[in-house]
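Biologist: I'm new to reading structures, and I'd love a close look at one part: the place where charged side chains pair up. Could you start there and then show me what surrounds the topic?

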Amino acid sequence: MARLLVKNVDLLATFDDARREIADGAMLVDGNVIAAVGTTAELSGLKADEVLDLSGHVVMPGMVNTHHHMYQNLTRVMVQDDELLVWLKTLYPIWARLDDDAIRISAKVAMAELIHSGCTTSSDHLYILPNDCTLDSTIEAAREIGLRFHAARGAMSRGESQGGLPPDSCVENEDAVLKDAERLIGRYHDASRHSMSRIVLAPCSPFSVTPDLMRNAAALARSHPGVRLHSHLAEELFEETYCHDIYGMRPVEFAESVGWLGDDVWFAHSIFMTSAEIDRFAATGTGVAHCPSANMRCGQGIAKVREMLDKGVKVGLGVDGSASNDTSNLFMEARLALMLQRVAPHQYLSEAPGGRGGFGGTPSALSAREALTMATRGGAALLGRDDIGYLAPGMSADFIAVKRSQLGLSGTERDPLAALVLCGPFKVDHSFIDGRQVVARGEFVSFDVEAALAEHAATMDRVYDA
């Protein structure tokens, strides 16, 4: 297999166990695996078939997106000023018109947007599959563009007539859901190291599925190595009320009652959790995908990320759906995660002279490096990966490079790594996924962005006109 030597990197941020940040860094890639990491002087004598000079760049691991609904880029900038309950009820009927072509092209566009923002691995939670929609189309899109992909087979099975939130036109038969999940696992799930394709089982939420589906999905996932579990939890106060009224318990208690706490489970959002519930997540190894943009867009609240991290909960970042975020940029997500924790209520500021009154935040709540760690190692941990998230020998060759000489990065010589968060967001100049160069000098190597955008626009018009 071909060997690539990347050299002369201004700053190579490894995010390895020692958190090494190497000036004049270099990395040797053997096929799809990293063979060596060090300085240019240390690696310059190693044999390579190709050399890439990345002087003037910051290099870091590719970022990991742990929560998304890619199909939603067909319904961006809608329901701009209403709470999530109204947002969902407005969009469900539109999503019910989707077909498999819409799923395929929306996934392609979402993946391209993610890759441009530094993502090399993503999960996608596809929980609405009307008409002829399949998860297969998203998996094929990932293969075409070259993204490392965890396809989450979501589902809604409890419609309005059964006491759930979604309209009956958007729900599926639970036996059919489980049968399709088994098919997808058999066809696409690869639990091996450096795998490019894995399957996740992901019933949508406590208010859109039955406890039986949650239990049966957990049992099915745990009968196959490496198949993990994902859902929404503790995202909204109406969900808390629903769980209390229907199940007589809080959302976290409900999740535990159906076997959904454990180191193979991660939830999106988890905003409305008590300290005791955060302790329970830490004790069981249950993870959280923090989605700050979507939480702010829908006015939901601020997840207790600082407390989660301090207590040892696994936390990654997710862009969430493009209809609740309106973009898919992981640099932006890392930046907003940092900023949001810093304004989270931390201490009471008195009304006394000199005081500001009310609750104040703290600028030490989350650092730039912690935000990037969530975007890399944190996301890898949620997905159950020990082969991505940092740069070291034996790890998958997933890395990105950002050019330092550009508007917005001038004056950042003191800390060019933190600048990617504090001064962002930026597009990558180079992206390698599984050792293959996907982006070179800011452009996709083989993916036709303009053609995809044209098809996406035509599909959006067709879906709206249906």
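**Charged pairs and their surroundings**

Modeller: D101 is partly exposed, with a relative accessible area of 43%. Please keep in mind that you are looking at a predicted model. R104 is partly exposed too, with a relative accessible area of 21%. These residues form a salt bridge, and their closest N and O atoms are 3.5 Å apart. Why about one helical turn between them? Because R104 and D101 are three residues apart in helix α3. As a general point, side chains of opposite charge can pair when their charged atoms come close.

Now move along to helix α5, residues 174–188, where R183 and D180 are likewise three residues apart, so about one helical turn separates them. Their side chains meet in a salt bridge at 2.9 Å, N to O. R183 is partly exposed, with a relative accessible area of 33%, whereas D180 has 18% and counts as buried, because the cut-off for buried is under 20%.

A salt bridge can also reach across the sequence, as the next pair shows. D386 and R193 meet through their side chains at 2.8 Å, N to O. D386 lies in the loop between α13 (368–382) and β16 (399–403), and R193 in the loop between α5 and β9 (197–203), so this salt bridge ties together parts that are 193 residues apart in sequence. D386 counts as exposed at 55% relative accessibility, while R193 is partly exposed at 39%. Elsewhere, salt bridges with shared partners join D136, R153, E172, D180, R183 and R187 into one network. You have already met D180 and R183 as a pair. Across the whole structure, a search finds 30 salt bridges.

A charge can also meet a ring: R377 lies over the face of Y390, at 4.4 Å from the ring centre.

Rings pair with one another as well, and the count comes to eleven aromatic pairs. One of them joins Y71 and W95 edge-to-face, with centres 5.2 Å apart and 90 degrees between the planes. This pair links distant parts of the chain, 24 residues apart: Y71 is in the loop between β6 (63–65) and α2 (84–95), and W95 is in helix α2. Y71 is buried at 2% relative accessible area, and W95 is buried at 1%. Y71 also pairs with Y127: the ring centres are 6.0 Å apart and the planes lie at 80 degrees, so this pair is edge-to-face. Y127 sits in the loop between β7 (119–126) and α4 (136–145), so its pairing with Y71 ties together parts that are 56 residues apart in sequence. Y127 is buried as well, at 4%.

W95 brings us to the largest nonpolar core, which has 122 residues; M60, W95 and W260 touch the most other members. Helix α3, residues 100–116, gives the most to this core, with ten residues. Leaving aside neighbours within four places in sequence, M60 is in contact with several residues, among them A13, F15, F331 and L420. Apart from this core lies another, of 19 residues, including I22, M27, I34 and L54.

One last check concerns sulfur: a search of the whole structure finds zero disulfides. C170 is in no disulfide, and the nearest cysteine sulfur, that of C204, is 11 Å away. C170 is buried, with a relative accessible area of 5%, and C204 counts as buried at 5% too.

Key. Residues numbered from 1 in each chain as written. Predicted model: local features only at pLDDT ≥ 70, side-chain atom pairs only at ≥ 80, totals over all residues. Heavy atoms only, no water. Phe/Tyr/Trp six-rings, centres within 6.5 Å; stacked < 30°, edge-to-face > 60°. Helix = DSSP H or I, 4+ residues; strand = E, 2+ residues; numbered from the N terminus. Buried < 20%, exposed > 50% of the residue type's maximum accessible area, 1.4 Å probe, protein only. Lys NZ or Arg CZ within 6 Å of the ring centre and 35° of its normal. Core = buried A, V, L, I, M, F, W, Y, C linked by side-chain atoms within 4.5 Å. Contact = heavy atoms within 4.5 Å. Disulfide = S-S within 2.5 Å. Salt bridge = Lys/Arg side-chain N within 4 Å of Asp/Glu carboxyl O.
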